[in-house]
Each structure stands twice: as structure tokens, then as C-alpha cells.
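Please look through the structure shown here before reading on.

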Protein chains: 4
Amino acid sequence: MNYFVKEFDKDNVRITGYVHDLSEELQNVNKRPAILIFPGGGYSMCSDREAEPVALAYMAEGYQAFVLRYSVGQEIPFSESYDDAVKALNYLKEHGEELHIDIEKIAVAGFSAGGHLAASVATMCDVKPSAMILGYPCILASMGKLLKKELPGVNEEVTNKTPPAFIFSTSDDLAVPVTNSLEFADALDQHGVEFELHIYRKGQHGLSLAKTFTSSGKRNMVNPAVAKWFTSSITWLKGIWGDFEVEDDSEDFEMEKSVLGINTPVTILLNHEHCKKILLQKLPDLKSMLETNPMAGSYSLSVMNRYSPENVTDAMLKELEVELSKIEE
Amino acid sequence: MNYFVKEFDKDNVRITGYVHDLSEELQNVNKRPAILIFPGGGYSMCSDREAEPVALAYMAEGYQAFVLRYSVGQEIPFSESYDDAVKALNYLKEHGEELHIDIEKIAVAGFSAGGHLAASVATMCDVKPSAMILGYPCILASMGKLLKKELPGVNEEVTNKTPPAFIFSTSDDLAVPVTNSLEFADALDQHGVEFELHIYRKGQHGLSLAKTFTSSGKRNMVNPAVAKWFTSSITWLKGIWGDFEVEDDSEDFEMEKSVLGINTPVTILLNHEHCKKILLQKLPDLKSMLETNPMAGSYSLSVMNRYSPENVTDAMLKELEVELSKIEE
Amino acid sequence: MNYFVKEFDKDNVRITGYVHDLSEELQNVNKRPAILIFPGGGYSMCSDREAEPVALAYMAEGYQAFVLRYSVGQEIPFSESYDDAVKALNYLKEHGEELHIDIEKIAVAGFSAGGHLAASVATMCDVKPSAMILGYPCILASMGKLLKKELPGVNEEVTNKTPPAFIFSTSDDLAVPVTNSLEFADALDQHGVEFELHIYRKGQHGLSLAKTFTSSGKRNMVNPAVAKWFTSSITWLKGIWGDFEVEDDSEDFEMEKSVLGINTPVTILLNHEHCKKILLQKLPDLKSMLETNPMAGSYSLSVMNRYSPENVTDAMLKELEVELSKIEE
Amino acid sequence: MNYFVKEFDKDNVRITGYVHDLSEELQNVNKRPAILIFPGGGYSMCSDREAEPVALAYMAEGYQAFVLRYSVGQEIPFSESYDDAVKALNYLKEHGEELHIDIEKIAVAGFSAGGHLAASVATMCDVKPSAMILGYPCILASMGKLLKKELPGVNEEVTNKTPPAFIFSTSDDLAVPVTNSLEFADALDQHGVEFELHIYRKGQHGLSLAKTFTSSGKRNMVNPAVAKWFTSSITWLKGIWGDFEVEDDSEDFEMEKSVLGINTPVTILLNHEHCKKILLQKLPDLKSMLETNPMAGSYSLSVMNRYSPENVTDAMLKELEVELSKIEE
């Protein structure tokens, strides 16, 4: 992988990159969707609990992942954090080639205040991400009072150009009232933007992945019900973007049970006197092969050729094809 | 994170490390269990498909992960690959401190030929790992014929000192007959070693995580039924090692509904005339707090103090405790 | 089980009961929570797709389940359907004993128009259910226009006495706009009622369990992402009500590895010369037992007595306890 | 549903049926696969814990389910229990029509001694079931000694005519050693019969569904890791038999974004001046429809006609089709 830290020209502002390298063996994922993560921390810090563990979770599902530590602090206006976020998004787009990113598929993800930042970029920025993932987000302008900072009400910024959103929170969040999520969903709905929303019954603010290793050792930061948000977000991303491409690999499935030939399961061929004779003659090792691995009988000669070319060589296969085609049934 | 490559004094032999750093916020995971992965490839290569994606999957679940590229090739005897594996295991143990590893909790994991190597280390080595994870492993001495290399039959090496094993494979594996897994399980059972074994009905050899991004773009390398092995392996690891430690965080749950005090839900206090008077007097902001976030009423004053210390200060809490204790019910 | 149909004094109005019988072997579930289901159908029919399959799903999870076919039709006012629902709820409460119901744990569940009915009972009725489960519910008074019937806006009926709610729907529901769910969640939040809300990105109206066997054979009525609502509802019910009670069964886990006695794994006893002698003398069959089942060695003599009383009799256990206690370590 | 008890001409021998009725709304499941369950109990009883709860679990997944209470007791030879089982299987086949069973898809399922009976029927009977599901089964002839009854070693009865098997057990089962499952899997493998095998690390004998409501209230009878066997068995059944049939419901998905017509999302039509004029003229209610449900804009006119025929009538749709086809782009 390519793990890097890209410092900005500002103190403590940086992108941390978690990038899958290319591999000869994995040609179908030369370009991957990317997730750009904004940790929470009330615009006064960027929490480690919502940074690397979340990036690794998305990376493990095949995505490229990035964490932005943005400008924070009492004296920092929202516009500075916002500028950092926009710059980070543009950085990914501009370096798409070298970072092996499909730049049509970049999601911003943020938690709490970071969710406010992610939703701001997704709604207010000209060059938008194509999706957003928001964990127990601050949304309403009134949250600014709590955070002692002037903040835009992101629900007011939604238009029909806003990309689809995945949102989760808990109904009894004491720090960021759940009405933030509800009002945002309402705004998306009013503008015809599709969204997914999971509000779990119970759960403290700031759960991150809600697992033991993101809990700081506190039991009420572990929450199996809420932890399902992550898998749901993967299902959702595959819903809007599709999964990584795969091709039919027809050879293995081209099984013909009615015609006797190189695509017929060997067991069926062996039940036919004439075929059996041909097989045992042309493939003297067949008997011992089937003794070692009786399940092999459910495969055809062409599959055997593919997976055991040392036992069923190309030449043998060709010859068998000719011989079997001569059989009249 | 600490991503590193540690070269051995041999061509193409190296450990790749995927190590969680320490964080002030995550003190309960200063030491983590580790997974040492041996990719498969018939002792003639080390497949990328069974290397980094598997390491990242375990890392995302909170473990330290390492991939060993071991000596391979027609002319390389088994003993060389084995020596590399033992050396890698010892490297982890010796560098446990700097790699933030709990050295009592190191599992080897291997696929196909890599599974043979993992099982060999787990059975034949003096300084054993504490667990092994084997994917569609070669086990039997007879596999050596196929791989054109003299190999020990690992099932013959099992003793009651062998650590617990997690094994998965598919019943119709054409390349490595499933009897390898069955014979190994049988040997473990005969020596009273606990194990977990998942043999799925159908699935081609070499599935790795069985997901789109490990499939090389081939449809029959994607297999949702078999893909469950990974989650099962996490459940199993937590079964043998326990999960990361968490502590009760009693403050949040100490809810007293019968006694009126600072641990009583505020809604209940407000239903009591005298309490209500005290609250509204000492907490003038309470009304607006509850308007903004009506769910707050289900929390106690001490929880509010903890999560909104700017609204319910320590001084207020102390004073309220005194006042409420004076109430006779 | 007790499967019954209880006809009301009205055409086509009836309760169908799916009731677990008592069993000597299952004493911890003599009383079970109950789910009372109102199928949807626009108040003009009661759909089979949202009736029995849903009842069976809850029954399979251990609950008592009931389906109400309520009064429907163009000429039927809402109040009649409502009366049927209230009567059904009271029927369950009054017959709690014979139906093996824990009457403190009755949830109403409804889909579409049935969701409107369930939410109406949960908010407007004096004797409330203790929970509600709503699938893509009609909530708003404005839905009455569509259904050509005067309907109460259930969101306006929410108070702080309203029981907790589980709600699911899809963001692109064409028939019942998702704003119904959002407005209801908002009302619950405003009154401090805890709730769980899952709005899935995509899914046609009327998905029921979203599985093949509830699909009427239409592919777009099968939706694995939405199908997760059912399991989430079980997690939620266990969150608000708790699970069925179980007791610690301490005998099996009282394993002492340091003291040598009847609670020590047999393998450990056999490693101690003196113990081994005692065991082989008092338990002549032990050797053959361990040959048949080597894992038995990880169990203690008291566990063996419990599970194989024919091999380790009560008398033998008592004698062994005395003998082993004499050993000085 | 059709819940019935069919008594045999023997004391305590009976089939209990859990049969889905037909419904006009569920035409794709007029015939369903069936599961015939043999509870365990050491051939001395038939345990309720492995009877109805298991039947209900399969029924809830859409299958027809049946429980057989077979002849048990010290004096009853195996052949009598076996005869009962064969008779029950034949009963299902003969009454397939009235029980709405697809008689090509009948699985036997059994637990412990019931697993021995299920495997016996599947191997020794002329008219075989098409699949078997075995929970912690007795298999070996040597189990007869424990159960004090002469029993066939079912592993010795396997041939290449044996139907596929799903087997689960636990590696530390004290009552029925896991070697029973391993030996049976080995026999299946030797005869080229595909199988699925899940051996979980830890779990007491007799777990049934391993849930609270099958636990008799004992904590060690609840085991979330082992409880996964049930869902795995459903995946397996769908693997061998396929799922219930569904048809493409093409209308909903025939979305054309490039051509302007009745299959184009309405939002796109409204962005085109000329189209917009036609729509507002022919569909005066459209504006208020979109205000109520903004997501409706993502649907086409033909979908609207299908789901809201009162708003977009057949006549309107026809007219709109004609008008829109005249537009030159």
C-alpha cells in the first residue's frame, strides 16, 4: 500500500492517505472509489477515534481512504475548516491518476462536527463529491451556539444538485440532538435527493465504529446495534456506485449433462461404457486422480485441464474432444 | 499507522508490517494481538490476492497484521520456506514492544501452500504461535507430489501442544482436495486440540476473502457464502483470546428512578413540584435545553454535567445534590 | 402450537392466533411477549403478504403473534377499523393467561395503512400497547385524500405517554411519501419518546419482509438491503424489553486449573502421578472414554458425571472427591 | 396455515404439520420445499427443544415443515424408529399435492440421535430425500454402546447416490464426540457427495437453535456463534435447490434517461421546455403531486400510472405517449 502524509501550509492540517497499490493479480481494481474522512471534535480538535480506524475499515472493503485533519480551534472561523476540506477534495481529484482513484466516485464522510463539514462541502461547494456519509452530524445553525462558532445551517443549503447521503445517529444523543439528522433528511427529501437514514434507539454521542477498539475502553462506547452502520454504509455505496467489476468466467459453468463431451462431468462420462473406455485409455492417471479427490468427478475434462494442466494436458484435451465427438448416442 | 517493509537477507523474502500506532485516545489498545499471514501460491509464488487484502481485513478489526513473503520456487526445499516463517514469528516476538504486540496472542494464518506453512510452524516449531488460521490448506504429505516438492504431512505432526486452529475450505475444491482439511481436523481431535472447521458446499480453490476486490475480476472468485469465513474467524479469535478490554463506565448507567437526586432522569424530577422549583431556579437554561433536545429529559443531572458541562457545571451539580437531598418524600 | 381464528361479530373481522404452547422443557418461556399485526392495503383490503409471513417470522423468534383482519372498504369510516384494533388489543390483554402472553409486553405492528392503524392505537388509545413497529406507514392526515377516507394525522397525536416506536421505509417510496415517517419521528423526538428509524435508499412500496416468498414473484419486491429491517426489529425489541431469561449454569464453567479436584480438567489430573493412579483405579473405563472422545479430557469429573452419569456415577464422584482432597501438592 | 397432527397406529408416533396455505397474492409459492424434522433424545425420547422451534424457523423462511415423533425407548429396536421415519417421508411424498410440497425438494433434518435417524433414511432408504441437515449427529456404530441399542454405522452406508448433506457440531461436544461428524464428512467426500460442514469451537451438546427461547433457561444453551448454523442452512438449501422463483418486473426498471418519453424520469422531462408544457397541460395535478412527494420526480410517467392510476390514468398515459413522441430533440 501507499501510506502517506501530505502536509498543508498550515499547522496541523494534513491529509493522511491509505492507498491500495496496483497488482498484476488484481487488474479489476486499478481504479477504486475513495472515501475522504473528516473526524469530529466540535471544531476544536480532530479525534483519532474517528480517523484511522474508519479509514482502515473502508480500505479493508477495497476503497481508497483519506483522513483530513482540518483547521480547528476557538479562534478559527468555519470558513477556514471549510477551505481545508474543499482543498482536500480537489487534491484527490487532481491526483486521481497517481492515487488510483475513480474520481467520479469520491464520498466525503464525517462525524459530529466533521459531519457538518462533510455536509457543507457536499452542499455548498461547486465541485461536489458524489456521495456523503454522516455520523451523528451537526447540521443546524443553532449548533453554532453550542460550539461557540458561527456555523451555516447545512439543511438550508440543500438543492436538487446535492449528492445522495447516508446518515446515522441515535435517538437519545445528548450532545447533538437527533433533530439535526431528521431536519437534514427532510431537506433532502424536499429536494428529491435520495438518502439512507439509520437512527438507532440508544447510543451515546461519538460512537465512531462502536467497537471495542474504538471505545477508549469505555463499555458504553461499544454498541453492537449501532456498529451495523458501517456494513450498511458499504451496502449503500454499492447501491449508488455499483460493486467492483467482475466478468463471467464461463468455462467453469459450462456444464453439459446431456451431451457427452469435454464439458460433461467426468462421473457421467464414466457411466457410459464407450466413453469410459476412451477416458481410461487416454487418461491413464484418471483413476488415481479420482481416488485422491473423488469430488473431481463432478468436474468436466476442460475444467480439469484448466486446474490440473499437469494431469489433463492441452494435447490430451484436444484428442479427447475429437474422440468423444465421434460417439453416437 | 506504521507501514513498513523489513527485508530478509534473501531475495524476495520480507515482512510487510501493518501496525496501529498508539493514540492518547485509545489507551485500551496499546498492545494488540497480531496475525502473521503466509500467502499461498503452491510454494512457487506468494499471491498478492492472499496478502495485503487479508492483512487489511484483520487490521481493520483492530489487530496488528504482517505478511511474510517466504522463499519459493521449484529448487527451494520446504525447509527454507519453513525457516523464513519461523524467523518471521520470532521477529514479531522479539519486537513485540515496538510493534505494540501482545506476544501471547500471535496467530499464523495461511492459504493453500501458505496454510501448509502456517500449520507446519504451529505444529513443528518449538516456540509456537498461539493460534492458527488455515484457508483451503495443503496438509497431507501426498500434496508434495502435486507441488513437486517434498513436504511433511502436517497432520502427522499434531500433538496436544498444538495451538487451536480455525480452518475453512470448500467441499468441491478441485486443486486441494477437502480431505486435507478433514484429516487435519481429525488429527487435532485425536489429540484433544479444540478447533473450528467450516467446509462450504461450493467454491473454487483460492478464494481468499471471496469478495469482488480479491477476485481478479472473475465472477466465480466472488462467493458470499464462503466470504463469511472472515467474520467467523474474528468471532473465533475473540473466543480464544477475548476481545479488547473495556471497563464499565458506571456513571451513565446509574439511573435511579425511585430516589429523587442527581442520578434521577430529569423528566421524573420535573414531575415533582418541589424538585421542579429547585431545578428551574438553579438551572435557568434547563427549559431551553429541553426544548432543543427533548430526549435530554431522559438523562440525569450527573449525566448532563458530564456531557454538557457548560450547561450543568460542577458547581451547579454539587449545589443541586445538596438541595435535592433535603427533600422529604 | 395453538393456531386459532377468533371471529368478531362483523364480516371479515377476525384475529388469527399463532401461539406457542407450554413445554416442560422450556420453562423459561411460559410467558412470552406478543406482536399484534395489522396488514396494509389502503384501508380497502388486508394483504396476505403482510399477515401470516410476518406473524410466522416473529413467532420463529419466540414471540406470540396475532394478525387482525380489521374492517375495510370505501364506506367504512376510520373509527370502525380503529375500534376493531382496540378490541383486538384488549382481547390479548384479557386472555393473556390462556395465550401465554406477558401482557406488559405487547407491540402493535402495521404496514402502510396498517401502520397508520398501529400508530393510531399506540397514540390515541387509553390502554396502550408497550411498543409499535411501523413499516412504510401512512401517518399524515393528508394521506386521507389519497385513500379517500378521513384519517387522523397520527403525528399530531403523539405525547410523552406514547410508547417507543420502530419505523422503517424507503426514501423513494412513490405511494406513501417518506415524509410520513420523518414527520412521525420528529413528533416522537419533540415529545422525548425514544424511537428507531431505518429509511433505506431504494425500495418499492409494500415490501413486507422483502424476501422471495413474500414477493408475489416480482423481482423488485425482493430487496436484501430492506429485508434487514426484520432482524433490526428483533434487536430493538430485545433492547426495550430484554431477551428471554436465562440463568447461569455455573456447574459447567467452574473449572479450577490450579487446585486438583473434581472441578479440574481431567487432562491436568492425569499429568499428576498420584492423581492418575487414583483415577485409573476408581474409573477403569476412563481410558477407553478418552480414546473415543479425546476432547473429554478438557472436562472435569463433575461435568463428566453430569453428562455421562453412566460412566462417572454419583457414587464414584463422591469417592473421587474424598480421595483427591487428601492429596498434598 | 394448516397446522395438523397426523397420528400413526402406534403410541406416541405422529407427524405434526406446519403448512403454508395458498394465497391469491402469493402465486409463486404454491409449491414449496419441505423439511421433515426428527428431534433428538438418545432414542429414548423426542425433545420438544428440537421440534417445534426448528419447524417454525424453517416455516418462517418459506418452507413447509413437519416434525416426526418416532418410536423411542429402551426396548424399541432401531428398525422401528427407522420404519416410522421412512413412513413419514413417504407420507409427505404421497400427500405432496394437498400439502403444497414440491416433492423433488424434501430434506430430512435431525439432531443427535435424530441426526442418526435422518442420515440413516438418507443413505439406507430406496426412496431418498433430496437433502439432509444434521445437527451434532450420532453417526458411528460405536454410539450404540452409549445409547444401549444396536445401531448401524451410517458412515458405512454412504454411496454416490447419497444426497447432499449439511452438518454442524461443536469441537468439544462431550456427549457425542465430534469424530461422528468428521467420519461422516469423510465418507461423503470419499463417494463424491457434496456437503457443508460447520464445526464450531465450543458448545455443549444439544444446542438446538442455540437461542434464549430454546435454552430451557440455561445460559450455556445460548450460543450466538453456533446459532449461525440456521442461517447457513438456509443459504445452503438455496444453493442446492435455488430460491423461490421471481420474475423480472421490467416495467419499473425500464428507465430511459436519454430519450424523452413515458419511461423517462419526470424530473428530466420537466427540464425540457416543450415537455414541461405538455406535462403541465395534460397532468394538472402533477405540480401538487411533486410538492407532496418530491421523490416522485425520479419516476417515469408509466411507473406513476402503475402506482398512482388515480393521478396518471391509462388514458392520460396514452395521450402523453403520443404527444411526447412528436417532440424532436
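Some questions and answers on the model follow.

This is a predicted model, in which local features need pLDDT of at least 70, side-chain atom pairs count only at pLDDT 80 or more, and totals for chains, interfaces and linings use all residues. Residues are numbered from 1 along each chain as its sequence is written, while chains are lettered from A and ligands numbered from 1 in the order in which they are written.

Q: Between which strands of chain D is the loop that holds D:Asn12?
A: Strands are DSSP runs of E, at least two residues long, numbered from the N terminus. In chain D, the loop with D:Asn12 lies between β1 (2-7) and β2 (14-19).

Q: Which burial class does D:Asn12 count as?
A: A residue is buried with 20 or more other C-beta atoms within 10 Å of its own, exposed with 12 or fewer, and partly exposed in between, the C-beta atoms being placed from the backbone. D:Asn12 has 13 such neighbours, so D:Asn12 is partly exposed.

Q: What kind of axis relates chain C to chain D?
A: Copies are superposed by least squares on the C-alpha atoms of residues with pLDDT of at least 70 in both. Chain C is laid on chain D, with an RMSD of 0.1 Å, by a turn of 180 degrees and a shift of 0.0 Å along the axis. That is the relation of a two-fold axis.

Conventions
Helix = DSSP H or I, 4+ residues; strand = E, 2+ residues; numbered from the N terminus.
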